[in-house]
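The following exercises ask you to read a protein model step by step, from single strands up to a sheet and then to unusual spots in the backbone. Work through each task with the structure open before you turn to the solution.

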Amino acid sequence: MAEKAAAPPPSKPLTTQEWETLIEDFQNGVHHKWNSLDPLFDLLLSSLLRKDFPLFLKLQLLVFLDEFSLSFFTSHHHLLRLVDALKAVVHAPLDVVASTYKDQFMVSASSILICASEKKVIDPQTENNLVELLLTVINRPNFGSDRHTRGVACECLRELERWKPGLLSDVVGHLWSLCQNERTHASQCYLLLFTSVIHNIIVRKLSVSILNTSVPMVPFNAPNCVMDSGSGSGSDLNVKELRRALAFLLEWPQLMTPCGMMEFVYMIIPVAMALELQPSMLKVQLFGMIHSFDPVLCHVVLVMYLRFLEAFDGQEGQVSRRLLLISRESHNYLVFRLLAIHWLLGFNELIFEKTKPTIELCSAFYPALFDPLALKALKLDLLAFSSVCAHVLRLKSGSDELIDPVKLFENGLVCVSSFKWLPPMCTETAVAFRTFHKFLIGSSSHSDNDPSTTRNLLDSAIFRTLQDLLVNMMLESRRLVPVVVAFVDRLLSCQKHSWLGECLLQKFDAHLLPKVKMDYNLVYCFPIFDRIAENQTIPPRGLLELLTNFMIFLVEKHGPDTGMKSWSQGSRALGICRTMLMHHHSSRLFLRLSRLLSFTCLYFPDLEIRDNSRIYLRMLVCIPGKKLRDILSLGNMILGISPSSHSTSFFSVQSPRPSKNFKSFKNLSSCIHLERLGPLLVKQFWSLSLSNLVVSNTKPAYLESIRDLKATVEEKDFSDSSNTEIIPGRINQPQEPLRVMDSKVAEILNTLRKYFSCIPDFRYMPGLKVRISCSLRFESNTFNRMLGLDKTVTSLEEIDALPAIYATVLKFSSSAPYGSIPSYCIPFLLGEPYNKDPASQNVSLSIVPVGVGNDSREEEKYRAAVVIDLEPREPTPGIVDVHIETNAVNGQIIQGQLQGVTVGIEDMFLKAIVPSDISEDETPRYNFDLFNTLWEACGSSSSTGRETFQLKGGKGIAAISGTQSVKLLDVPATSLIQATERHLARFVVGVSGEPLIDAVWQGGIIQNIILEDASPVATSVTNHDTGPLRLTYNDEECENGAISNSRKRNLGCFLVLIFLPPRFHLLFQMEVGDVSTLVRIRTDHWPSLAYIDDYLEALYLS
Amino acid sequence: MSSGCSIRAIWILNNLDAVVFSRKFPVVEKRWRAACNADNDIDQLFASLPTHSDLADAFLDRKHREGSARGFGIRKSNSTLGSDSWVDDPITRHIVGLFINKEEEDIKNLLWPLILHTKGLYSILVLPLVEPRHLVAYARLCKRSDCGTALGMDDGLSSLLLDLPSVTGAFMVAHAIGDIITGDTVEPEVIVSAAPSVGGLFDSLTGSIGISSRAKPVNPPVASSSPSSTAVPGSVTADAPKIGSRPLDKDALRTFISSSMPFGTPLDLNYSNIFTIKANGFSATDLPPPDQKQPAWKPYLYKGKQRIMFTIHETIHAALYDRDEIPDTISVSGQINCRAELEGLPDVSFPLAGLNAANLEVLSYHPCAQVSDQGLDKQGVMFSPPLGNFVLMRYQATCALGPPINGFYQLSMVSEDKGAFLFKLHLMEGYKSPLNMEFCTVTMPFPRRRILSLDGTPSVGTVSTSEHSVEWKIVTSGRGLTGRSIEVTFPGTVKFAPWQNQRLSSSSRSSFGINADEDSDNEAENASNMVNEEHLMEKMNKDLPPVDLEEPFCWQAYNYAKVSFKVVGASVSGIAVDPKSVSIYPAVKAPIEFSTQVTSGDYILWNTLGKCPHVATIKRSNREDNADEFFNLISADEDLFIIHPSIRSLSTSLGTEKNKAVKKNENTFYTFHPLISSISPPIKGSNKIDQNTSLFISLTT
């Protein structure tokens, strides 16, 4: 902004400050704001020629013009004007123009001309004019005052000659004579100019006579050869003359500055080679420079030496020694000492075969105390190089006289040995480990055609030494473990040398693990353990043993002060286990790792650790290897946890997950199936939901299975079973009803009291549970399709290719009164192979044949057993809704609704509870008695109706209000017995009638029951059958015709006692006949009668 | 490529990483472009030079990536592929690569080799011209994904640098520019007995020509031309710029660059010549010598009263351990400064004597010198002196006279904040007149502890304390110690302020790559009320910052005392120039003056009771092996005798097993004569007789 405002109109000359701003802007690459100054070049030129312009600014402008010439010299005309201006300046007397200005003008003009040629063709005349002008300047040898200007003009000419080789070849004779004549300090420039012309003559093979001065110097015309682009214009060099010139040139090196010498040598070497000069000539003249302390001169000698390696044969020792000495000169700048060692290394690489002399010198490579660390590092490189040489030579000659590399290594390392106790990030450590690396990989290069073999390196003494060194280092100074890890990592990450890292880890496994001390400091070693755990070539045995011991140690040492420590160290140890799980085959780990994990989850004092190890154990057991590794590494990918960074808690899976992974799937139920293991007998399902009819908030009291003791008992109205209303007055009836009891009733009451006191009151304690076994499975193909994975499973065998779901959580809910249903977790499940019969997968509701067949075992791995635990408040069928949440292999979270699970009345069937004081032998008798007692109590004429019974826990009470029913089943006795044996065997408490007993005996399924073969069935039954139940009466009437028959063929009677949670009962008395059976049913939960009918039909008639 | 060294561009950045000066050489740049175009495979190389802002950005970017302007130098765990430290070579702290436009770190954007020289507040970047293939080779080096170069097998940096004299030249340029920026254009000191010292080239001109000129360059208090080792030991970083640098003299820079390398190719980097030419110019009366060519490095000829002055300046580096298992090391680095006020272009020659006695190791000369007849004990030096003061020769030697200060320093921490110390020193033991110790000061630095009080009186001298050091002036200037030796002791206790953990900022710690696992669990275990020196050391060392690669070791980790002194009268190495044997051709009568000055460099007394850094020496325990090694060493070198600094301790064992040794090498005859033992007897109370009894070996074939 400011600059733009300051920009004056083009006509006015710029001030000093403005010029400086302009220059600065150009240097910063912002030209555009000065574009308004259109004839900037004119402005520049006029400023340069003004007399009142300050000299320093003129010089600055000249340099500026030079640096940015490309943006000014847009036309050939500009160059012409520039040269004209130069002419004016050069010819001006000295008192008018300062010589520095003159010099700079010449330099800038030449430079601009050369650079402009890149963009556009230069008029040859302009070029000739400039050369001519410069030639006139230099053509005054030994003139006193302008000697420096002449030198600069020589440089300009040299630059032009470099630009167009051969440009001055025509006037070379004049140049030589000038060279011979000039005696001031500018003679170096003359010599260099002449050398450069000679050099170009030889390079371009120009056949000119360098003695010929017949062509006048001025006016100058560029020779033809410049125009030809080809090099071989003239084939025959004038060798004799050139040799004379070379001999002349070689007389004067001592006149030159070191920089001039470098230029000179670089030009003279090709000349000398072309003219086949004896290299010894150069050597005599120039080799002495190696004793100079100027690094440039030393390098010049090296350049020459490398060019004429044969001629200098035998001089290697001297050169290397000198280089070594430069590195030891504490006067020198550090960088030159470093360079000297690099030269020595590079030089020895070149003459690898001849390096023997340096090996003897290698004790001189030992770093000195006050050498800077950079120098020490490079000197250690030299030692490493020597050890490589020694090794190679030893292999070649087979002699043992050479220096021991291990000794070199150890002695060299002394200079940075403090790294063992200094902080691990100190520079000494860096130098030391760098040296380890150099020594270790030795001569094993990274190129593919490297001849050195693995064996060589592994057998090398250095490797053994280093391995011991590292082991001891880690044992002594645990701070260094991360450094060692970094070192191993460096090797591991290298394609060529990863095996070296592996070998080191193997050695650590073998040598470090047995030696570590079992204490809290062990955790320092964990980074290296982690690397060992990662490595598949190392058997995990040792490490697992160590970790087990460590866990034991942690458990044993645990105390009030070590809480955090136990936690952090335990979790880090588990982190290593995790690493192992990720990198090894589970089979390899299984035994020891499971032992470690189970120990941890049993005994570890910290809960989190226990949990985590349980999870790992579960994973180890449930998830097959590859899936396991995938899932573990997935965690790293998503959450960015590297396996080694368990500093706080490795188990940070709780951190926020990317939301895009949450996805609900609507049609989930079409591919994931939760199926009942045992099918329900009743296919059609219906549920009597009386509660819906109830308007009031509270449940009808009679449906309320248990009441509180305080709310005392209420009467049950047996006869009016359909009445759902509660009579409020009765509830508040405070006093116990008066009762008259006979001994029989008392006995019944006693039995019932005792019995009910065993039934848990679900309101205060875990109620009785009903378990429904299911299995979960899912179809691979549908699943993949759903996830968008385009992966078709082709073969059954490819388990790894099958999809899997992880950490599946099934949540259940139901509208039926089943209480809260605990969710169920499945750690891992494989998808079913695709070629399963699709028909069988869609029959989740139908009855699955009990014997699934031969492939059931095979299928087990594709199914997960799920147990739904219901805690019914009421024994009623219902549907359990299933919600699934699971993870796919790619970390995607899948959630959705599955097909509900049907719960039938039969699921509610439980065996009656046996009080604990009843011994096993007495159980059948007890059950039998209980049946009779309940049968009595549920009878219509029961005298227990008003009685209440305390439940377990003493808070709740229950009353019995019985109902009865009958059902005639037209089934033959044999099939009835079979069906009973199959489905109701558990609940049969008594069998009477000889033929039936025999049949049961034969079946051998119904056992431990009371067999009443003595008493006649009919009487025993009819005795009880005295109730006013009409239905029964009608039934009897209806069956009148058949009675005589059936009686005759009455085989016996089953007594079945079924407990319905939470506290109800279902009692069957089945009078088995040959062709039909009469089932008398009593229950204290009348709604269940509704389902029983269907059930019995399904059981016996289908 | 025909050019040895050409510079594409020079940039100077200030401490705010802004470019304050730049110079580009379009002619060289054109050659670079031509070279790139010539090679079709690599035409994608970075073809144009960056603007100031781009360069500054790239420089800053590298600084962030590499932790400092110079960089790590060694591959660390946080080195990134493609960066300089990935190459894993300390020299990448000096030869750096910049990625211009960092978005795409591609070879296309790589600017290499940039010579980085830090001087004062400024960073000087010099970009020499290399061949495109060199750049490609380096890019390959820093992009290779493997674990690092194998020595001698892979194409490493070494062979690249050997092939690149332009890098060497660019370093010379960078250093010359650095000197100009900071005004360190002082010529080497030449001491004259009468006047304090003689000025530089300019004086010799003004003295004769009579032109008044610009102000004399300011002499630093201790003139020393040796660039290294002037830094105080323990100074934290070399990267840290010195405070108080003067503003950039851009005019001087422009003049220097334009004159020394008009087209980017350096011709002469001698700034005193350049500035003299600029200031004085030449007149028609300045005639060149009639029958000789005037060297380029001597633009003017001297006129006036003729004389030659030599000053031998030696610096003693010593590490005194006073331990049986670690031998002391003493080395002398010396130089002969010269000023020859002679008319015309004469040659001066003199024989250098006493080479063997001095165990002279390194001899390197000024480019003007020619070395003839390199004998074992004698060396003739002939040189054609330039104008003004110059360093004629440099050498490394051992201390023939024995250490000027010998003894021990013990410091023991009696509690965490209190240390008891004891000095027992011998000064000038065996030093005869005219050797004169002008001053001698012992400093105990405690850079990481604050001194509360000091208790104790030395037998000689005065003591003063500053916050972080104790200074004991034994000999003060004005009361020099001539021709006699003294023994001094200084027992005392020093009390420190309680130790506070100086936590490093997390950034600097992590920048170093390896994050040490600092489990706080373990703190409790170490805590014990007992005074445990090991423990204290450990505690203190825990947060020691890493030193730069330019330091020899982590100074702050050790307890030591540093001795500084100055001895005049004779050289301690035994090297001498005999004024009588100096000859001038063509012969003129010119008085020859000769002086010496010995100063201390790193002269360290390591705490005998603490840790100390040391280097490998050939141990005395397995004598025979080492003796063999030693003889291998000698027999390999026929003409030059390479002696390891540690050989003094070996020589004892050689002496005792002389016969054996001679038998093994029958072609060579060795003589041994004890020399030092009479000069430096062991200190009483310390059992060091074996160790200090050193022998010198003279070798005759």
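**Exercise 1.** Decide how many of the five residues of β13(A) are buried, and find the strands with which β13(A) pairs.

*Solution.* The model is a predicted one, and a residue counts as buried when its relative accessible area is under 20%. By this cut-off five of the five residues of β13(A) are buried, and the strand is therefore described as mostly covered.

Next, look at the pairing. β13(A) is joined to β15(A) by four bridges in the antiparallel sense, whereas three bridges connect β13(A) with β14(A), and these two strands run parallel. Val991(A) illustrates both pairings, since it stands opposite Phe1054(A) in β15(A) and has Leu1011(A) as its bridge partner in β14(A). The path of the chain from β13(A) to β14(A) leads through α40(A), and this β-α-β crossover is right-handed. As a general point, the strands of a sheet pair through backbone hydrogen bonds, and they may do so in a parallel or an antiparallel way.

**Exercise 2.** Write down the strand order of the open sheet of six strands in chain A, and identify its edge strands.

*Solution.* Begin with the order, which is β12-β17-β16-β15-β13-β14 in chain A, with mixed pairing. The edges are formed by β12 (963–969) and β14 (1010–1012) of chain A, each of which pairs on one side only. Neighbouring strands of this sheet are turned against each other by 15° on average, when direction is ignored.

Then follow the edge strand β12(A) to its partner: seven bridges join β12(A) to β17 (residues 1077–1083) of chain A, and the two strands run antiparallel. Within this pair, Leu968(A) stands opposite Leu1078(A) of β17(A).

Finally, consider the helix that packs on the sheet, which is α40 (residues 994–1003) of chain A. This helix touches β13 (988–992), β14, β15 (1052–1060) and β16 (1064–1072) of chain A, and its direction makes about 130° with that of β13(A).

**Exercise 3.** Describe the stretch of chain A that UniProt annotates as "domain: AP5B1 C-terminal".

*Solution.* The UniProt record, an unreviewed entry, places this feature at residues 1053–1098 of chain A. Over these residues the chain is 26% helix and 52% strand, while the end C-alpha atoms are 20 Å apart.

**Exercise 4.** Where do the cis peptide bonds between Pro1061(A) and Pro1062(A) and between Trp112(B) and Pro113(B) lie?

*Solution.* Take chain A to start with: the bond that joins Pro1061(A) and Pro1062(A) is cis, with an omega of about 5°, and Pro1062(A) is found in the loop between β15 and β16 of chain A. In chain B, the cis bond joins Trp112(B) and Pro113(B) with an omega of about -5°, and Pro113(B) lies in strand β4 (residues 110–119) of chain B.

**Exercise 5.** Lys205(A) and Asp17(B) have a positive phi although neither is a glycine; is Lys205(A) buried, exposed or partly exposed, and what is the case for Asp17(B)?

*Solution.* Lys205(A), with a phi of about 55°, is found in the loop between α11 (187–204) and α12 (224–227) of chain A. Its relative accessible area is 42%, so Lys205(A) is partly exposed. Asp17(B), with a phi of about 60°, lies in the loop between β1 (7–13) and β2 (19–24) of chain B. Because its relative accessibility is 11%, Asp17(B) counts as buried.

Key
Residues are numbered from 1 along each chain as its sequence is written. Chains are lettered from A and ligands numbered from 1 in the order in which they are written. This is a predicted model: local features need pLDDT of at least 70, side-chain atom pairs count only at pLDDT 80 or more; totals for chains, interfaces and linings use all residues. Side-chain values use heavy atoms; hydrogens and water are left out. Two strands pair if DSSP finds at least two bridges between them. Axes are lines fitted to C-alpha atoms, for helices over the stretch in contact, and angles run from 0 to 180 degrees between N-to-C directions. Contact means heavy atoms within 4.5 Å. UniProt positions are given in the numbering used here, feature names are shortened, and annotations may be inferred rather than shown by experiment. Buried means under 20% relative accessible area, exposed over 50%, partly exposed in between (1.4 Å probe, protein chains only). A crossover is right-handed if, with the strands pointing away from the viewer, the path from the first strand over the helix to the second runs clockwise.
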